[in-house]
Amino acid sequence: MRFATPKNTLKEKVGSGGIPEERIKRAEEVIEKCDVGFSSYIHKSVEVMCDIIATEHTDDLSETKRQLLIKEVMTMKAHGKMFSFPLVSALSNEVLQIFDIAQRVNADLIDIIKVYIQSLQLIADNQIQSYNNEAGQSIAEALCAACGRYVQKYG
Amino acid sequence: MTYTLDRASVLIVEDMVPMAMLTKRILQTFGFTEVHIAHDAETGFELFQKHAPDLVIADWIMGDMSGLDLVKLIRRDPLSKNSYVPIVLMTGFSHKLRVMQARDIGVSEFLVKPFTAKDLYTRIMQAIEKPRQFVDSGEFFGPDRRRKRAQNEYGGPKRRYDDGG
């Protein structure tokens with residue numbers, strides 16, 4: 001086994017001292033104010049997920065399709081909050097946790113995915129960005145209840 | 001005194017265009033001026049070879065070639081311009097097993113999406129101030145997977161004679 005301490009060219013170039021707190025705050029504002037029309041990405045993701053669960057004829061989805069679903073949910077979790085839809089990130093995180101305990105994608109899990117898809121459609125159609133309002137809360141509660149039932153049965 | 005980030009270059013490899021643009025804007029707000037963007041790993045490696053950036057920020061899940069494949073290329077391809085470059089891997093995965101998988105490929109820092117500007121800055125600062133030594137074991141080439149602890153972090157009993165134990 002060989003060990004090497006490479007030349008720290010990044011440090012040599014940028015020097016010392018960090019960056020002022022004010023620049024980090026401005027960067028946080030860049031994220032907060034970023035508006036890219038994320039609803040269209042949600043709609044696209046919903047379409048992809050509908051295709052995945054619709055084209056399967058057996059009760060259980062194949063591992064490939066399971067991975068495709070995880071990828072879609074993960075993408076929504078990763079980007080929702082970055083683009084002013086924290087509710088999307090929160091709901092997607094719930095569903096990802098279910099995938100963590102799910103051995104296979106069976107009818108019960110597909111039911112959760114259907115609730116998740118409906119939630120995303122509602123969010124995108126009505127621009128429900130956060131859970132700090134009645135609509136956001138009821139969507140979150142409905143999905144959490146479905147996830148809770150799944151955990152009770154399989155967790 | 002503050003960092004002179006305008007002297008360093010960054011390569012962002014991210015297939016979601018708005019996410020790549022947002023990351024670029026955050027970096028520019030920090031003070032970086034030379035920021036290159038690729039929307040797939042193949043182009044990312046081409047730009048890496050062309051510009052030899054000082055820092056790479058890549059997404060994990062992209063098209064046919066993933067961020068991990070890109071890390072492998074940068075670390076192990078004999079033609080790689082800089083096998084030791086710090087690489088920050090962005091991903092929505094936060095499970096420990098995923099972090100270990102990325103670490104075992106040679107990723108320097110792991111950044112879970114969604115992230116804040118402060119999260120990104122912390123990873124960049126880690127790459128600047130606390131780079132890890134590299135290990136080449138034949139099977140693995142990359143930053144040492146055991147992050148060194150400061151000596152005074154040890155909280156257990158002192159047994160050595162020199163410690164007075």
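**Figure 1. Helix α2 of chain B and what it packs against.** In this predicted model, helix α2 of chain B covers residues 41-51, and its buried residues are B:Ala41, B:Gly44, B:Phe45, B:Leu47, B:Phe48 and B:Gln49. Those buried residues of α2(B) pack against three strands, β1 (9-13), β2 (34-38) and β3 (55-59), and also against helix α3 (67-76), all in chain B. Look at the N-terminal end of α2(B) and you'll find B:Asp40 acting as a cap, with a side-chain oxygen 3.2 Å from the backbone nitrogen of B:Glu42.

**Figure 2. B:Ala52, just after the helix.** Follow α2(B) onward and you come to B:Ala52, which has a positive phi. B:Ala52 sits in the loop between α2 and β3 of chain B, and its phi is near 40° even though the residue is not a glycine. Most residues other than glycine have a negative phi. Is B:Ala52 buried or exposed? Neither one fully: B:Ala52 is partly exposed, with a relative accessible area of 34%.

**Figure 3. B:Asp54, a buried residue that reaches both chains.** B:Asp54 is in the loop between α2 and β3 of chain B. With a relative accessibility of 5%, B:Asp54 counts as buried, because the cut-off for buried is under 20%. What does the side chain of B:Asp54 touch in chain A through a polar contact? The partner is the side chain of A:Lys13, at 3.0 Å. Within chain B, the B:Asp54 side chain also reaches the backbone nitrogen of B:Ser9, at 2.8 Å. Leaving out neighbours within four places in sequence, B:Asp54 is in contact with A:Thr9, A:Leu10 and A:Lys13 on one side of the interface, and with B:Arg7, B:Ala8, B:Ser9, B:Val85 and B:Pro86 in its own chain.

**Figure 4. B:Tyr84, in the loop ahead of β4.** B:Tyr84 belongs to the loop between α3 and β4 (87-91) of chain B. B:Tyr84 and B:Asp54 are 30 residues apart in sequence, and their C-alpha atoms are 9.6 Å apart in space. At 34% relative accessibility, B:Tyr84 counts as partly exposed. Setting aside neighbours within four places in sequence, B:Tyr84 is in contact with A:Ala4 and A:Pro6 from chain A, plus B:Arg75, B:Phe134 and B:Phe141 from chain B.

**Figure 5. Where the two chains meet.** Here 46 residues of chain B are in contact with 42 residues of chain A. Between them, the two chains bury about 4,000 Å², and 66% of that is on carbon and sulfur atoms. Which residues of chain B lose the most area to chain A? They are B:Met16, B:Thr29 and B:Pro114, which together account for 14% of what the chain B side buries. B:Pro114 has another feature to look for: the peptide bond leading to it from B:Lys113 is cis, with omega near 0°. Most peptide bonds are trans. You can find B:Pro114 in the loop between β5 (109-112) and α5 of chain B.

**Figure 6. A helix from each chain, crossing.** Helix α2 of chain A (residues 21-32) and helix α5 of chain B (residues 117-129) have axes that come within 8 Å and cross at roughly 130°. That crossing makes α2(A) oblique to α5(B). From α2(A), the residues involved are A:Glu21, A:Ile24, A:Ala27, A:Glu28 and A:Ile31, and they meet B:Ala117, B:Lys118 and B:Tyr121 in α5(B). Sorted by class, this contact of α2(A) with α5(B) has 5 nonpolar, no polar and 3 charged residues.

**Figure 7. A:Ser39 and A:Gln127, a side-chain pair in chain A.** A:Ser39 lies in helix α3 of chain A, which covers residues 38-54, while A:Gln127 is in the loop between α6 (107-126) and α7 (134-154) of that chain. Their side chains make a polar contact, at 2.4 Å. A:Ser39 is buried, with a relative accessible area of 11%, whereas A:Gln127, at 43% relative accessibility, counts as partly exposed. Leaving aside neighbours within four places in sequence, A:Ser39 is in contact with A:Phe85 and A:Ala124 as well as A:Gln127. A:Gln127 is not a glycine, yet has a positive phi of about 55°.

Conventions
Residues are numbered from 1 along each chain as its sequence is written. Chains are lettered from A and ligands numbered from 1 in the order in which they are written. This is a predicted model: local features need pLDDT of at least 70, side-chain atom pairs count only at pLDDT 80 or more; totals for chains, interfaces and linings use all residues. Side-chain values use heavy atoms; hydrogens and water are left out. Axes are lines fitted to C-alpha atoms, for helices over the stretch in contact, and angles run from 0 to 180 degrees between N-to-C directions. Helices (H or I, at least four residues) and strands (E, at least two) are DSSP runs, numbered from the N terminus. Angles under 35 degrees count as roughly parallel, over 145 as roughly antiparallel, 65 to 115 as roughly perpendicular and the rest as oblique. Contact means heavy atoms within 4.5 Å. Ala, Val, Leu, Ile, Met, Phe, Trp, Tyr, Cys and Pro count as nonpolar, Asp, Glu, Lys and Arg as charged, and the others, Gly among them, as polar. Buried means under 20% relative accessible area, exposed over 50%, partly exposed in between (1.4 Å probe, protein chains only). A polar contact is a pair of N or O atoms within 3.5 Å; within protein, one must be able to donate a hydrogen and the other to accept it, and residues adjacent in sequence count only if both atoms are side-chain atoms. Buried area is the accessible area (1.4 Å probe) that two parts lose on being put together, summed over both.
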